[in-house]
Amino acid sequence: MIKIKVLNNSDICEIELKGHADFKPGNDIVCSAVSCLTCTFLEKLAEKGNIKEQKVLAGDTSFKYIKTGAEIYTDFYITGLKMIEEQYPD
């Protein structure tokens, strides 16, 4: 199971992702989808210079970013994660 924690402060947002989906070992489409969304989100934040800190490891990713100017990317990212959760709740 992938656990996602969002700490939303006034200017800074912190997101932590831990674990693996274990949907199908060797062909885990759920982990792949979450990873793809996360990497794309981080790339857009980096382009804007919003990332304050980040750690990206398999099964253990966390990052902090400046929220101002990243609202549309955040909305896209959270919506994508919620859609994955709805389709693959386990």
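This passage walks through the strand pairing and the aromatic contacts of a model that is predicted rather than determined by experiment.

A good place to start is the sheet, and in particular strand β4, which spans residues 60–66. Strand β2, made up of residues 12–18, pairs with β4 in the antiparallel sense, and seven bridges join the two. Within this pairing, E14 has K64 of β4 as its bridge partner. Strand β3, covering residues 51–57, also runs antiparallel to β4, here with six bridges. In this second pairing, K55 stands opposite S62 of β4. Together, β3 and β4 form a hairpin with two residues between the strands. One residue to look for in the turn is G59, whose phi is positive, at about 80°. When tracing β4 by eye, it helps to recall that side chains in a regular strand alternate between the two faces of the sheet.

The aromatic rings come next. The model contains six aromatic pairs. One of them joins F41 and Y65 in an edge-to-face arrangement, with 5.3 Å from centre to centre and 90° between the planes. This pair links distant parts of the chain, as F41 belongs to helix α1 (residues 29–48) and Y65 to strand β4, 24 residues apart. Are these two residues buried or exposed? F41 has a relative accessibility of 3% and therefore counts as buried, given that the cut-off is under 20%. Y65 is likewise buried, because its relative accessible area is 1%.

F41 also takes part in a pair with Y77, and this one is stacked: the ring centres are 4.4 Å apart and the planes differ by 10°. Y77 sits in helix α2 (residues 71–87) and F41 in α1, so the pair ties together parts that lie 36 residues apart in sequence. Y77 is buried, as is F41. Looking at the rings as a group, ring pairs connect F41, F63, Y65 and Y77 into a cluster.

A contrasting spot is found just along the chain from α1. G49 lies in the loop between α1 and β3. With a relative accessibility of 51%, G49 counts as exposed, because the cut-off for that label is over 50%. For a sense of distance, the C-alpha atoms of G49 and E16 are separated by 19 Å, and the two residues are 33 apart along the chain.

Notes: Residues numbered from 1 in each chain as written. Predicted model: local features only at pLDDT ≥ 70, side-chain atom pairs only at ≥ 80, totals over all residues. Heavy atoms only, no water. Phe/Tyr/Trp six-rings, centres within 6.5 Å; stacked < 30°, edge-to-face > 60°. Helix = DSSP H or I, 4+ residues; strand = E, 2+ residues; numbered from the N terminus. Buried < 20%, exposed > 50% of the residue type's maximum accessible area, 1.4 Å probe, protein only. Pairing = 2+ DSSP bridges.
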